[in-house]
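Grab a viewer and work through a few short exercises with me. Try each task yourself before reading the solution.

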Amino acid sequence: DAESYRRALAELDATTRAQLERGEWVDDSGARIYKFTERHLIHEAPDWGEGGWKYVLGIDLGASEANPSTAFVVCGWHAQVPHAVWVLEARLFKGGEPDDIARRVLAMRERFGAFESVVMDEGALGKAIGNAVRRRHAVGVEPADKRDKDGQRRVLIGAIERGEVMLL
């Protein structure tokens, strides 16, 4: 009933309560896990000449069967600044068929050169997709290591706080 709903709302934080009670949606950066700000944004990758760049490609398969999608992210680092990472490209594509994924990986290889690694989140049904990409297309996709996610998240949060992760 309405009264018990209001009592439940009263126990929430102010931002969530305003969203649910009054429909007020605000940018609550305090709720973000990864606190990127304007200082983390760059408009072009640093130009240190030819060579020295290394790249990794991450692939995340969407979990929706109704609207399947696949995210691709290219991160790079350079020998001149080995402790920093630049997120050079992040794209979401509709679909998630192994043939489409393999074609996109090969197209990205043409643009960026060889990747140090190509990592795919093979959770849920992703293992079958990863196996198909490897078998049918000889694309070296390795499964993401999802052990100690909380520890890895803390490492990434620290790197962001120190300004070691930049977004193009």
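The exercises below cover salt bridges, two strand residues and a surface patch, all in a predicted model.

**Exercise 1.** Find the salt bridge between Lys-54 and Glu-116, and work out which parts of the chain the pair links.

Solution. Start with the distance: the side chains of Lys-54 and Glu-116 come together at 3.9 Å, N to O. The cut-off for a salt bridge is 4 Å, so the pair counts. Next, place the two ends. Lys-54 sits in strand β1 (residues 53-61), while Glu-116 is in the loop between α3 (98-112) and β4 (117-121). They are 62 residues apart, so this pair links distant parts of the chain. Last, check the exposure. Lys-54 is partly exposed at 38% relative accessible area, and Glu-116 is partly exposed too, at 47%.

**Exercise 2.** Look at Glu-89 and Arg-111: which one is buried and which one is exposed?

Solution. First, the link itself: Glu-89 and Arg-111 form a salt bridge, with the closest N and O atoms 2.4 Å apart. The pair ties together distant parts of the chain, with Glu-89 in strand β3 and Arg-111 in helix α3, 22 residues apart. Now compare accessibility with the cut-offs. Buried means under 20% and exposed means over 50%. Glu-89 has 8% relative accessibility, so Glu-89 is buried. Arg-111 has 54%, so Arg-111 is exposed. One more step: follow the charges outward, and you'll find Glu-89, Arg-91 and Arg-111 linked in a network of salt bridges. If you're counting, the structure holds 12 salt bridges.

**Exercise 3.** Work out how Asp-150 and Arg-153 are placed in their helix.

Solution. Begin with the element: both Asp-150 and Arg-153 belong to helix α5 (residues 149-161). They are three residues apart, about one turn of the helix. Then check the side chains, which meet in a salt bridge at 3.4 Å, N to O. As for cover, Asp-150 is partly exposed at 48% relative accessibility, and Arg-153 is partly exposed at 27%.

**Exercise 4.** Is His-78 buried or exposed, and what is His-78 in contact with?

Solution. Locate His-78 in strand β2 (residues 69-78). The relative accessible area is 3%, so His-78 is buried. Now list the contacts, skipping neighbours within four places in sequence: they are Trp-48, Gly-51, Gly-52, Trp-53 and Trp-86. Finally, look for a polar partner: a polar atom of the His-78 side chain lies 3.0 Å from the backbone nitrogen of Gln-80.

**Exercise 5.** Describe the surroundings of Val-85, then find its distance to Pro-98.

Solution. Val-85 is in strand β3 (residues 81-94). With 29% relative accessibility, Val-85 counts as partly exposed. Beyond neighbours within four places in sequence, Val-85 is in contact with Cys-75, Gly-76, Glu-164, Val-165 and Met-166. For the distance, go from C-alpha to C-alpha: Val-85 and Pro-98 are 13 residues apart along the chain and separated by 28 Å.

**Exercise 6.** Which residues make the nonpolar surface patch that includes Tyr-5?

Solution. Begin at Tyr-5 in helix α1 (residues 2-10). Patch residues need over 30% relative accessible area, and Tyr-5 has 44%, which makes it partly exposed. Now add the partners: Tyr-5, Leu-12 and Leu-20 together make a nonpolar patch of about 270 Å².

Notes
Residues are numbered from 1 along each chain as its sequence is written. This is a predicted model: local features need pLDDT of at least 70, side-chain atom pairs count only at pLDDT 80 or more; totals for chains, interfaces and linings use all residues. Side-chain values use heavy atoms; hydrogens and water are left out. Patches are made of residues with over 30% relative accessible area and no salt bridge: like charges are joined within 9 Å, nonpolar side chains (Val, Leu, Ile, Met, Phe, Trp, Tyr) within 5 Å. Accessible areas come from the Shrake-Rupley method with a 1.4 Å probe; for residues, only the protein chains shown count as cover. Helices (H or I, at least four residues) and strands (E, at least two) are DSSP runs, numbered from the N terminus. Buried means under 20% relative accessible area, exposed over 50%, partly exposed in between (1.4 Å probe, protein chains only). A polar contact is a pair of N or O atoms within 3.5 Å; within protein, one must be able to donate a hydrogen and the other to accept it, and residues adjacent in sequence count only if both atoms are side-chain atoms. Contact means heavy atoms within 4.5 Å.
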